[in-house]
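Subject: Structure handover

Hello,

Here is the structure we discussed. Please look it over before reading my notes.

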Amino acid sequence: MNAPVLPGTLNDNPVLERWVTFPAPGTITVNTGRVELGQGVLTAMQQVAADELFVSMSRVTVHSGDTIEAPNEGYTAGSQSIQTGAVALRQACADVRALFLAQAAAIIGCKASELGIRDGSIVRNGLSTGQDYWTLAGAIDLSAKATGTGARKAVADFMTIGHEAPRLDLPAKIFGDAAFIHDMKLDGMVHARVVRQPNRGATIGAIDEAAIKRAAKGPVEFIKNGNFLAIVGDNETAVDLAGAAAVNHVSWQNVERPTPLQQEANWLLQQPTVDRVLGSPEPADPQGRERFERTFTRGFVAHASISPSCGLALYKDGVMTVWTHCQGVFPLRAALARTLKLEPSAIVVNHVQGSGCYGHNGADDAAADAAIIAMQKPGTPVRVRWRREEEFVYEPKSPSMVVKVRALLDAAGKPADWTAEIWSGNHNGRPGGGSSLLGEEALPGYVAPPPAGEVPEAAGGGATRNAEPLYDIADKRIVHHKIVEQPVRVSALRGLGATANVFALECCIDELAERVGQDPLAYRLSITSDPRARAVIEKAAAMANWDPKAPGGEGHGRGFAFARYKNKAAYCAVVVELDVEEAISLRHVWCATDAGLVVSPDGVLNQLEGGIIQAASWVLKEQVRFDNDAPTGPSPFDWETYPVLKFSEVPEITIVLLNTKDEVPLGVGEVTGGPVAAAIGNAVSHALGTRVRDLPLTRERITATLLKE
Amino acid sequence: MTQFDFSVNGKAVSVSVDNEATPLLNVLRNELGLVGTRFGCGLEQCGCCMVLVDDAPVKSCNREVSTMAGKTVTTVEGLGSAAHPHPLQQAFIDEQAGQCGYCLAGILISAKALLEKNPSPTRKEIALALDGNICRCGSHNRIMRAVEKAAAVMRAAS
C-alpha cells in the first residue's frame, strides 16, 4: 500500500510526536521546523495548534528549529511557512485529536463522534467525562505516523485562527531582554573575529601579529588553519580592535577584486551563459504581428540585515553544538558535517533569533566560523560576531539581472506571444545547494563543489520566478541565460528573481496600454480572466480612487501593478502615488492582497507593510557598488555607502485583505516586492512622461534619463 | 585597570576596564549584563545602540567609557519592565510595532528623548527624530503610530 499523501511538510515528517507532545498535565508542546525571523511565525503556529487541538493558546508552547526534536522542514523561506508548514502542523494536530477521541470513546463506551473537546477536556453532551488529553496521553502511541484522516476543524469554527494574537517574541525585544543570539553568554565563552579571506583562492602572505596585538590593547590569540585566520580572546573589545586592525596588518596573495564594470547589470550580457528555454520555441516569423521589445536591469542588492551575523559553537566530548540564526538548521548541519569532517549525528544545530534576514545572509557562515574555531578549542564555547563591514562585503548578494521582454501584438494591441529573456546569476547559493560555507573555502584542501542548481520551477524558479505573465496570452515562454561565474557570492534574497521580472513585465503592460491609449487598469482587466486576480486589481483601484484620466507629467504621478507570487501563491495589486523632482518621494501605497486563509491578520499586515517598504527601498536606493576604494578585497561599505529607506521617506500604506476565510493559506512574505517595484516604475513614468527601466531609480538615473530626452 | 563611576538606570555603577577606550556599549552588555542595547554597526550609523546620556540620545557603540564618569545613563531596561511598562513600551506592544525587533531598543530611546523635548510631535517630527535609527524590516509606520499613541497617553497623564 502506498503511504498517504499528507499536507505540506507532514509527508517528510509523518511521526506525530515530532509535531505534538503532552509533556505535563495541562500543557502541550508543538514542534515546528520553521524558525522565527521576525515574521511572527511561531505565534501563527501556536494559533494553528490551539485551534486544531481545541485548547486555549496559553496551553501551547512552541518549540522551534533544532536538529534534535523539531521536524526537518528544510529552510524557513519562500513564503512557505504557513503554506506548507502550518498546514502540516494543522493536520498533525487533527490526527492527534482523532487518536485521543477514539481512545476516550473506547474507555467511556460510546462513539467517538459523540465526544467533543473543550480546552483539552473530553466532553459528552457538553458535560465533562473526567478524561482529558493528559489522562489519556499515557495510552496513546504518538510515535505512530500521521494518516491524514483526522477531520480538520471547519473554517467557520475557528476560535484562534484568523483572530488577533499578540506576537510571542515582541515583548523581550521591547523590554530589552536577551532576545537574540547576540545576547547569549555561555560559561567560559571566548569572543572571536575572523580575518576574512578576500576571495576563494586567496592565500595569506604576512601576518603582522605584533601590530594587531598592539591595536588590541589586551590579550588575544591567533587561530590559523590554512587560510582561515581568527582572533580569539576573553575581552570582546580587545578582539574587536584586533579584528579591525587585522584588515590592514594581514597581507593576501591571489586577491581578485570585483570591478566597477561588474557592478552594472549590462556586464552580464558579455559573459558565457548556460541557456535553456521554458515553453515553446519563440516564433521566428511574427506573422505580420507588431513586435514590442523593452530591456530592464537591476544591480546587485544586499540583504543588509540590521545586525551583523553571529554564531556560537562548543565542541565537547566529540559533539559539536552550534547556535545560529540561519534559516535551515538541518541543511546547515549537513554543510557543517562536510566542513568539519564530522558525522551529522555528531552535530547539533539550534536556532536562536537574529535580526531579520530576508534570505540567505551571513548567518550560516558565522555559525561555521564559530564551529571551525571551536574544533581547535575543545571544551571552550566560541562566539563569533561579524563586523558590520564584514557583513556588508561577505553576505551573499542578490544577483544582478537583465530582463528583455519581447511581445507580438494582435490587431487590438494585446499581447498574443510573450518572451521574457533573462540574464542572471544563480539565486540559490545556500549551503548544501552546491555551494560552500565561507570559512570552509579558506581551509586546507578545499575543493569547490560543482555549481549549485537553479531553484526548480516547481518551487517557483529562481531567476525565472514570475517572468511568465499570469495574463491571458496565447503563447508565453522564458529564455534563461544563467551566468555561473559571478564577481561576488550570490544567493537568495526575498522574492528571488520575481522583483526584477515583475518590474519588467508590469512596466511593459503599462507601456502597451499607453500604446493603444488605454487606461492601464482597464487594459490589465481586459487580459485577466482569473477571478481572484481581477478581484485584487479592482480592489486596489477602488481603494486608491483610481482615476483613468488623472493627468500625468508635472512631477506627480500614480502607478499600478499586479502579480500572483510564483503564479501559484498569493495575489497582490498595488497602487503607488509619488512625486518626482530630482529624487522620488513616495506619498501613499495602496495594496490589495488575497492570501487565502489568514492565520494571523495583523501578522499578515505586518509582513505586507514590511515587504512594501523594503521593496521601495530596493527600488529607490539600493545597489551594491564595487567602485569604492578598498585596501583589501572587495569594496567595503556601510550604511552611508549603502543607504536604505529612512523613517522620513516611508509612504503612508493602506492594505486590504481579500478571501481570508478560504481553506488554503498562501504565504505573504514575498508577495509585494514585484508589484511595488513595478508600480513605482509606472508612477515615475506617469509623473515624468518618460520611463526609467534600470533599477535602482536613483536621483542620478532620473536626471540622466531626463537629460537624454 | 582604570575605574569609572557613573549611574545606569538610576543605580550607581563602578566599572574597571583595561582599555579606557572600551565602548560604553561593550561595558553595558558585557560588564553590566544589560544586553537590551544592541550592537548594530559600531560606526554610529544605525542607532541600535542608542542610550540616553544625561537625557540626550547617544550612540553608545563608539562612546568611550572614560567619558562617562559622573554621567547618568539610561538604557531600554531603564524605561520600564513587562510588569511596569513605560507608555512607549506599552504602545509598541499595543501597536505590535516591530518585526525582528533588533532596532527597537534604540528606537524606544530616541522616541523617549523626543517626547521629553516635544510632548506633542507631529508625524513628520517623529520621523525626523527617528531618522538616526535604521529599521530594515519596514515597521516604520507602526513604530510612528506607537510613538504618537504613547505621546497622547503621556500628555493625558501629565
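My notes on a sheet, a hairpin and the chain contacts follow.

This is a predicted model: local features need pLDDT of at least 70, side-chain atom pairs count only at pLDDT 80 or more, and totals for chains, interfaces and linings use all residues. Residues are numbered from 1 along each chain as its sequence is written, while chains are lettered from A and ligands numbered from 1 in the order in which they are written.

The sheet: in chain A, four strands (DSSP E runs of at least two residues, numbered from the N terminus) form an open sheet. The order is S21-S22-S23-S24, with mixed pairing (two strands pair if DSSP finds at least two bridges between them). S21 (556-564) and S24 (652-658) of chain A are the edges; each has a single partner strand, so one side of each lacks a neighbour in the sheet. Twist averages 15° from one strand to the next (axes are lines fitted to C-alpha atoms, and angles run from 0 to 180 degrees between N-to-C directions). S23 (584-594) of chain A runs parallel to S24(A), joined by seven bridges. A:Trp590 sits opposite A:Thr654 in S24(A).

The hairpin: S5(A) and S6(A) have two residues between them. Three bridges join these antiparallel strands. A:Val123 is opposite A:Ser128. In the turn, A:Asn125 has a positive phi of about 50°.

The chain contacts: 46 residues of chain B touch 47 of chain A (C-beta atoms, placed from the backbone, within 7 Å).

Best wishes

How values were computed:
Two residues are in contact if their C-beta atoms, placed from the backbone, lie within 7 Å.
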